[in-house]
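Biologist: I would like a close look at one part of this model, namely its salt bridges, together with the strands around them. Please take it slowly, since I want to follow each step on the structure itself.

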Amino acid sequence: LVLCAGGGRREFLDAWRSRTEGDGGGAGALRLRGLPITVALAGRQYAAERAPYDQRGATLTLVSRLPVGGGWLLRASAQGSWDDYPHSRTWESIIAFGSDKGRRDTTMRLSLGGWRSLSRSLQAAVTYEYGRRWSSIEDGYQGSFSYREHRALASLRLELSGNPWRRGRTA
């Protein structure tokens, strides 16, 4: 089990959005019918300069990796998020979001990729991601906050390690 927490201040060009942030969460590993799964749950609370941008939310992530032979590793993940803007039913919300009906967003992201080791320290991957967000604001004057996206990603990962304090030769 891993627990984490953090916070800070984020400054945006749009001063209304500048905010103090607090985040916390936990992650752990389990096996479901022999399949290793990492589960993570995180929560967030943001206090913005102007009330419509105050935000609270949570994200649940599930990730699994499975060797499929020939040096390939299959990685799949699913993520769901919920965000609420609790003060988004004011006249300021019309300026911020184009609507004063209240903003709530639900987001889903699915990912599937194949990883392969090219050497001891170099890995390559090809990944496809699908994401979708549903928002309670569909027709504000700034448009909809909902979206649907498809991503294809090719990656190279180089892992290097060393111990600068070790004396002598290393094997």
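Biologist: With which residue does Arg9 form a salt bridge, and how far apart are the closest N and O atoms of that pair?

Modeller: Please keep in mind throughout that this is a predicted model. The partner of Arg9 is Glu11, and the closest N and O atoms of the two lie 3.0 Å apart. Arg9 has a relative accessible area of 40% and is therefore partly exposed, whereas Glu11, at 57%, is exposed. As a general point, side chains of opposite charge can pair when their charged atoms come close. The pair you asked about belongs to a set of 13 salt bridges in the structure, and a few others are worth following with it.

Arg10 forms a salt bridge with Glu21, and here the closest N and O atoms are 2.7 Å apart. This pair links distant parts of the chain, with Arg10 in strand E1 and Glu21 in strand E2 (residues 19–32), 11 residues apart. Its two members do not fall in one accessibility class: Glu21, with a relative accessible area of 12%, is buried because the cut-off for that class is under 20%, while Arg10 counts as partly exposed at 41%.

To place these strands, it helps to step back to the sheet, which is open and made of 8 strands in the order E1-E2-E3-E4-E5-E6-E7-E8, paired in the antiparallel sense. Strand E1 (2–10) and strand E8 (147–158) stand at the edges with a single partner strand each, so one side of each has no neighbour in the sheet. On average, and with direction ignored, neighbouring strands of the sheet are turned by 15° against each other. Between strand E3 (residues 35–48) and strand E4 (residues 55–69) the antiparallel pairing covers 10 bridges, and one place to find it is Tyr46, whose bridge partner in E4 is Gln55.

Further along the sheet, strand E6 (residues 103–117) and strand E7 (residues 122–135) pair antiparallel over 13 bridges, and a hairpin of 4 residues joins E6 to E7. E7 is in turn joined to E8 by 12 bridges, again running antiparallel, with Ala125 having Ser155 as its bridge partner in E8.

Asp105 brings the two themes together, since its bridge partner in E7 is Ser135 and it also forms a salt bridge with Arg103, with the closest N and O atoms 2.7 Å apart. Both Asp105 and Arg103 are buried. Arg109, Glu129, Glu149 and Arg151 are joined into one network by salt bridges that share partners.

For contrast with these charged pairs, there is also a nonpolar patch on the surface, formed by Leu35, Leu66, Val68, Trp72, Leu74 and Leu112, with about 500 Å² of accessible area together. E4 and strand E5 (72–85) each supply at least two residues of this patch. Leu112 is found in strand E6 and, with a relative accessibility of 46%, counts as partly exposed.

To return to your starting point, Arg9 and Glu11 form a salt bridge in which Arg9 is partly exposed and Glu11 is exposed, whereas Asp105 and Arg103 are both buried.

Note on methods:
Residues are numbered from 1 along each chain as its sequence is written. This is a predicted model: local features need pLDDT of at least 70, side-chain atom pairs count only at pLDDT 80 or more; totals for chains, interfaces and linings use all residues. Side-chain values use heavy atoms; hydrogens and water are left out. Two strands pair if DSSP finds at least two bridges between them. Axes are lines fitted to C-alpha atoms, for helices over the stretch in contact, and angles run from 0 to 180 degrees between N-to-C directions. Patches are made of residues with over 30% relative accessible area and no salt bridge: like charges are joined within 9 Å, nonpolar side chains (Val, Leu, Ile, Met, Phe, Trp, Tyr) within 5 Å. Accessible areas come from the Shrake-Rupley method with a 1.4 Å probe; for residues, only the protein chains shown count as cover. A salt bridge is a side-chain nitrogen of Lys or Arg within 4 Å of a carboxyl oxygen of Asp or Glu. Buried means under 20% relative accessible area, exposed over 50%, partly exposed in between (1.4 Å probe, protein chains only).
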